[in-house]
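Subject: Structure for your review

Dear colleague,

Please find the structure below, followed by an account of what was found in it.

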Amino acid sequence: MKKDFFKYRRVSVGLDKTKKKNWIDGDTFAVKIENHSKEYDGRYIILIKTSYDTNKESSTYLYFRAKLTKTIEIPSMKEINELEYIKVNSFTYEYGLMNYNGELTIEEKNVLKSKTDEFGYLNAYLFEIWMRRDGDYSMFNYIGNFDIAEPFDEYIPPLAELTNLPNPRHPEFESFIDVLIRCYKNYNLRKSKIYTLKESQKAHEEGRFLLNAYYFITQNENKIKSSFINGWGPKLYDSDVALDIKADYKKYLRTSKKSNQSNEEMIKELCDYYEDYINDSIDGPLFWIILSDLQMKNKTLTKKQKKKALEGIEQDLVNWKDKEGYSQRKEELDLLKEELENYIFNK
């Protein structure tokens with residue numbers, strides 16, 4: 001192990017790796033799994049730092065790929081290379097054809113097709129961790145800077161999976177450790193029902209976008225129809241979409257400040273990025289609701305966005321009608337509506 005360690009460590013020698021500001025591509029960390037389950041406790045998640053989108057990356061949101069050890073020993077570089085990457089999501093081939101930069105060429109379609117597995121799914125490995133300021137980074141044990149081969153069949157979706165550090169104050173949020181283990185079981189070990197002929201055919205026929213194993217487990221295996229619209233609760237940020245919008249808004253805001261971009265230009269880019277969501281009857285109203293809340297806090301709300309948000313509130317309430325949590329949702333939106341109506345625009 002020492003031979004491998006010092007061979008690849010030279011690129012970052014002298015840097016204090018307990019500080020995330022010194023983390024660079026190829027830096028590899030071992031995170032010990034604890035208090036999860038008898039099957040996984042004591043093993044390690046191997047995190048490999050990588051830069052995917054340098055325009056959006058910051059010290060607060062970092063990109064990684066991950067592997068899971070088979071034993072309770074920290075592996076050498078050779079052993080790490082032999083471990084399989086954790087698949088963090090699966091997509092239909094049809095979803096991959098929906099390129100946001102225009103129609104794919106025949107060659108690009110062939111390349112994409114070559115990356116599908118036997119069920120016709122594209123596998124994503126890249127994910128983000130929200131590196132909170134108050135986060136505990138002692139779990140990130142630096143083991144070296146290695147040149148580790150990337151996944152040969154990797155598909156990089158428009159949005160990388162966003163995960164969280166363990167947060168004792170918010171145990172309801174899955175940590176990146178729990179997310180990765182769940183993904184490993186559902187996608188790598190293929191315990192998800194999407195890996196059956198019947199469900200895979202249905203996915204391709206219906207052209208489902210995100211093939212999230214959690215959806216299939218809760219909706220199909222347990223035969224439960226969700227009582228909520230598109231999340232886990234009635235509060236404004238009780239959904240993945242709301243949290244994604246919040247995270248991306250902050251990223252775009254940081255980038256716009258660095259480039260002296262106007263608020264109008266920044267919002268236009270964000271709206272272009274979320275075009276498919278905005279056109280959706282469920283996610284569209286939510287987009288304007290979340291955006292208005294964020295902009296009020298940032299004192300950059302415009303009259304146009306206020307109008308969109310008020311319309312979004314009315315539509316969101318229609319979507320929530322006869323659903324569990326409607327009264328709580330209405331309370332949340334009534335408060336937001338009052339804030340919007342009393343908002344004083346900057347001159």
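K299 lies in the loop between helix 11 and helix 12 (303–320); helices (H or I, at least four residues) and strands (E, at least two) are DSSP runs, numbered from the N terminus. This is a predicted model, in which local features need pLDDT of at least 70 and side-chain atom pairs count only at pLDDT 80 or more, while totals for chains, interfaces and linings use all residues. Residues are numbered from 1 along each chain as its sequence is written, and side-chain values use heavy atoms, with hydrogens and water left out.

Although K299 is a residue other than glycine, its phi is positive, near 60°. Most residues other than glycine have a negative phi. K299 counts as exposed, at 55% relative accessibility (buried means under 20% relative accessible area, exposed over 50%, partly exposed in between, with a 1.4 Å probe and protein chains only).

A positive phi of about 55° is also found at N260, which is not a glycine. N260 sits in the loop between helix 8 (240–258) and helix 9 (263–273), and is exposed, with a relative accessible area of 71%.

Helix 11 (residues 283–298) comes just before K299. Its 16 residues reach 22 Å from the first C-alpha to the last, close to the expected 22 Å, where the expected span is 1.5 Å times one less than the number of residues. Because 14 of the 16 residues of helix 11 are buried, this helix is largely enclosed by the rest of the structure.

The second largest pocket has a volume of about 430 Å³. Its lining has 21 residues, and M139, P166, N167, S175 and I177 are the closest to its centre. Strand 1 (27–32) and helix 5 (176–188) are the elements that give two or more residues to this lining. A pocket is an open set of points on a 1 Å grid over the protein atoms alone where a 1.4 Å probe fits, with protein on both sides within 12 Å along at least five of seven lines; lining residues have an atom within 4 Å of a point. Grid points are joined across faces, edges and corners, and the volume is the space filled by probe spheres set on the points.

As for the chain overall, it has 13 helices and 9 strands. Buried residues make up 47% of its 347 residues. Among contacts (heavy atoms within 4.5 Å) between residues at least 6 apart in sequence, 69% join residues at least 24 apart.

Yours sincerely
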